[in-house]
Amino acid sequence: MHSWSAAPVPVLPGHGPQLRLYDTADRAVRPVTAGQTATMYVCGITPYDATHLGHAATYLAFDLIHRVWLDNGHRVHYVQNITDIDDPLFERAARDGIDWRALGDREVALFAEDMAALRVLPPHDYVGATEVIDEVIELIEKLLAAGAAYQLSTADGSDYADVYYRAGATRQFGYESNYSHELMLELFAERGGDPQRPGKSDRLDALLWSAARPGEPSWPSPFGDGRPGWHVECSAIALNRLGIGLDIQGGGSDLIFPHHEYSAAHAESATGERRFARHYVHAGMIGWNGHKMSKSRGNLVLVSALLADGVEPAAIRLGLLAGHYRADRSWDDTVLDQATARLAHWRAATALPAGPDATDVIARLRRYLADDLDTPGALAAVDGWATDALDYGGHHQGEPAAVATAVDALLGVTL
């Protein structure tokens, strides 16, 4: 699929410190030891609804990583999938009386518009699950051959069989989430798993290939017609574009288990390697007025709705960046009002022809972002410079423009 167009990223003189990020598996902030080309896989949307602020917060976090890497002189190979075939997509399409492909295409286009408006840098490879069916089949064949997967007859007695991954196929299964067996089972049931399916070797075995069911799309394979399970698409896409040992696998914290645990395990079983990614990075959840944001509550705040109401994309970015990316946090009118006021404050300061020296604030901005994306510290640094510029002025010509350029390059906010 075609991703959205990239906003230009200014190049700043010099480089910042090495990026350090919290790794979910190791439960510690560690240096990210990327090579000349930094590699990142971030799980994309299932396109059955519009982009909400939870999506936006997640992709903004990885956009900051992308920008810090660019600022440090790396090339970035960023891959993102689209789960354009899955049960939620079929259910929403049936509810709305629309073809599932048309629904997916519509929501993918809207997501791209929202990301472009928010100046999120696009992935190098933007890949739909339906585009890589052959890659998924090849990976499943490897898992079957290695004994890491098995076939299980469907309940309707058809000639086809589902294919399941053995949760115990790797000794390290569970290392990414560090969750207890009981919590794994609970989350597996809540998030698309089927722990009660009769005949499985283990309740935590995950679906790799769903045998063809009436009324659902399917593709031919050596193990019967069907379609991919959820987790394996990401394994196949990442392995074939980035290889094993990529720098970052990322997404929202709700993907830690089961999705990221299994997608990593599939790749590790197929390659024999110990660790799929060097860093597992996860963003917190966004609530609304103190409540969890969810479709069932009907309290989703849509990016497209905010934009339609005339909210500036830069204000949305600043509102989401006001909290730390790993923290669960809430969005409300106060957050937006504060972000809008901050944006006006920064714009007034950077519009001055001269101001305080920008060297220190740019260095601090880089240092805060390199320290596990400390955006509250980064925003406070710019706040302080802007207040000094407006209250006390300065005689350094061009320094306000230098600050505006740094804010654009590192925070993705245009002033």
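Here's a short walk through the cores, cavities and one pocket of this predicted model.

Start by selecting residues 45-55. UniProt, in an unreviewed entry, places a short sequence motif here, the 'HIGH' region. Over this stretch the chain is 27% helix and 0% strand, with the end C-alpha atoms 8 Å apart.

Next, pick L53. Leaving out residues up to four places away in sequence, L53 touches I286, M293, V301, V303, L306, I316, L320 and W331. L53 is also among the residues with the most contacts inside the largest nonpolar core, which has 74 residues; L21, I65, W69, L320, W331 and L411 are the others. Now show helix α1, residues 53-71: with 11 residues, α1 gives the most to this core. Another core, of 45 residues, lies apart from it and includes L185, A238, L255 and A264.

Keep α1 on screen and go looking for empty space. There are 2 cavities of 30 Å³ or more. The largest holds about 50 Å³. To see its walls, select A57, L60, A61, L64, L320, L321, G323, Y325, R329 and T375. α1 gives the most to that lining, with 4 residues, and α9 (313-321) supplies at least two. By class, you get 7 nonpolar, 2 polar and 1 charged.

For the second largest cavity, also about 50 Å³, select G16, P17, V68, D71, N72, R366, A370 and L410. Here α1 and α11 (359-370) each give two or more residues, and the lining splits into 4 nonpolar, 2 polar and 2 charged.

Last stop: the second largest pocket, about 160 Å³ in volume. Of its 13 lining residues, Y22, T24, S253, I256 and H282 are the closest to the centre. The lining has 5 nonpolar, 6 polar and 2 charged residues.

Terms used. Residues numbered from 1 in each chain as written. Predicted model: local features only at pLDDT ≥ 70, side-chain atom pairs only at ≥ 80, totals over all residues. Heavy atoms only, no water. 1 Å grid on protein atoms, 1.4 Å probe; cavity = no way out; pocket = protein on both sides within 12 Å on 5 of 7 lines; lining within 4 Å. Points joined across faces, edges and corners; volume = space filled by probe spheres on them. Nonpolar A, V, L, I, M, F, W, Y, C, P; charged D, E, K, R; others polar. UniProt positions renumbered as here; feature names shortened; annotations may be inferred. Core = buried A, V, L, I, M, F, W, Y, C linked by side-chain atoms within 4.5 Å. Buried < 20%, exposed > 50% of the residue type's maximum accessible area, 1.4 Å probe, protein only. Contact = heavy atoms within 4.5 Å.
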